[in-house]
Amino acid sequence: MTFPGGAHVSRKVFIHHGCPLILRFILTVICLSAMGFACPKSCHCSERNGLTVVQCSSRNLEEIPSNLPHDTVLLLLSSNHITKIPNQAFKNLPWLQELDLSRNAIETVDAGAFQGVTESLRVLDLSHNHMQSVPKEAFARLHAKISLSNNPWHCECTLQEVLRELRLDPETVNEVSCHTSVQEEYAGKPVIQVLDSGINFCNFHHKTTDVAMFVTMFGWFTMVIAYVIYYVRHNQEDARRHLEYLKSLPSSSQISKDFDTISTVL
């Protein structure tokens, strides 16, 4: 084989050196394709209008699968036994648009649970779980429509701040209720209804903190006063005993009279 400039390379040498490169390229393409289309054993993967759909609902899963297809767009994980969404659970799914985690047993959502999908995610369903609270950072920068209905929420300042930043599903927003509350009279009522009435759980939190500080300071003040009273009484008792002791001692005039009497007798 002759190249421009007169360089000559035999066909055998080209095949010997060129084939490994071609084989590597083919193997790389195959590996990447396998990674893109790999499907967890407990799930069913398919294409819908050219989009990858991963169906993992009702599979008795206790955690979110880690080997999901890289190009997953729709991920269905409802009706399982998942209890936690860990940090970066979906970091390898940059195209994920819809995520259904409803009807699980989720109690904990880590602060970085949705890192990696904040821009792509459009629908997030966390309804019918066991969540009482979530960190403010968990839903930061999410633009998805979120369903949080039918969870045993504890209504307090953090939850109020979380809901303020979310785009809640309008069809289920009235089903996001206070299971418990820092103010007991709001238990059982829709959170949005309570907040729309002008209630501010954060103000109540600050008032509670102020009361706690006042009680603590009053307790310390009482202890100081009690110590001062004890100290004064204790010293008064010591002073009284010392005074009685001094009174029991013979006076100097009495000693002088006794001395004169003795001198006269002698």
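# Strands, core and salt bridges in a predicted model

Colleague: Over how many bridges do strand S1 (residues 44-48) and strand S2 (residues 51-55) pair?
Modeller: This is a predicted model, in which local features need pLDDT of at least 70 and side-chain atom pairs count only at pLDDT 80 or more, while totals for chains, interfaces and linings use all residues. Residues are numbered from 1 along each chain as its sequence is written, and side-chain values use heavy atoms, with hydrogens and water left out. Strands are DSSP runs of E with at least two residues, and helices are runs of H or I with at least four, both numbered from the N terminus. Two strands pair if DSSP finds at least two bridges between them; for S1 and S2, which pair in the antiparallel sense, the number of bridges is five.

Colleague: Which residue in the hairpin of S1 and S2 takes a positive phi?
Modeller: Two bridge partners mark out this pairing: His44 stands opposite Gln55, and Ser46 is matched with Val53. The hairpin has two residues between the strands. The residue there with a positive phi, near 55 degrees, is Asn49.

Colleague: Which residue in S3 is the bridge partner of Val54?
Modeller: Strand S2 also pairs with strand S3 (residues 72-76), in the parallel sense and over four bridges. Within S3, the bridge partner of Val54 is Leu75.

Colleague: Which strands stand at the edges of the open sheet?
Modeller: The sheet has seven strands with mixed pairing, in the order S1-S2-S3-S5-S7-S8-S10. An edge strand has a single partner strand, so one of its sides is left without a neighbour in the sheet. The strands in that position are S1 and S10 (167-168).

Colleague: Which residue does Leu99 stand opposite in S7?
Modeller: Strand S5 (residues 98-100) and S7 run parallel and are joined by three bridges. Across this pairing, Leu99 stands opposite Leu124.

Colleague: Which helix gives the most residues to the largest nonpolar core?
Modeller: A nonpolar core is a set of buried Ala, Val, Leu, Ile, Met, Phe, Trp, Tyr and Cys residues joined through side-chain atoms within 4.5 Å. The largest one here has 45 residues, and those with the most contacts inside it are Phe90, Phe114, Phe139 and Leu148. Strand S9 (153-155), helix H2 (157-164) and helix H3 (191-196) each supply at least two of its residues. With three residues, the element that gives the most is H2.

Colleague: With which residues is Phe114 in contact, leaving aside its neighbours within four places in sequence?
Modeller: Nonpolar side chains tend to be buried together in soluble globular proteins. Contact means heavy atoms within 4.5 Å. Beyond its sequence neighbours, Phe114 is in contact with Ile85, Phe90, Leu99, Val109, Leu124, Leu126, Ala138, Phe139 and Leu142.

Colleague: Is Asp110, which meets Lys84 in a salt bridge, buried or exposed?
Modeller: A salt bridge is a side-chain nitrogen of Lys or Arg within 4 Å of a carboxyl oxygen of Asp or Glu, and the distance for Lys84 and Asp110 is 3.7 Å, N to O. The pair links distant parts of the chain, Lys84 in strand S4 (residues 84-85) and Asp110 in the loop between strand S6 (108-109) and strand S7 (123-125), 26 residues apart. Buried means under 20% relative accessible area, exposed over 50%, and partly exposed in between (1.4 Å probe, protein chains only). Lys84 is partly exposed at 40%, whereas Asp110, at 17%, is buried.

Colleague: With which residue does Lys136 form a salt bridge?
Modeller: A search of the whole structure finds two salt bridges, and in this one the closest N and O atoms are 3.1 Å apart. Lys136 lies in the loop between S7 and strand S8 (145-147) and its partner in helix H2, so the pair ties together parts that are 25 residues apart in sequence. Lys136 is partly exposed, with a relative accessible area of 47%. Its partner, also partly exposed at 26%, is Glu161.

Colleague: What is the average pLDDT of the protein?
Modeller: The pLDDT is the predictor's confidence in each residue, from 0 to 100. It stays under 50 over residues 9-19 and over residues 25-36. Of the residues, 66% score at least 70, and the average pLDDT is 80.
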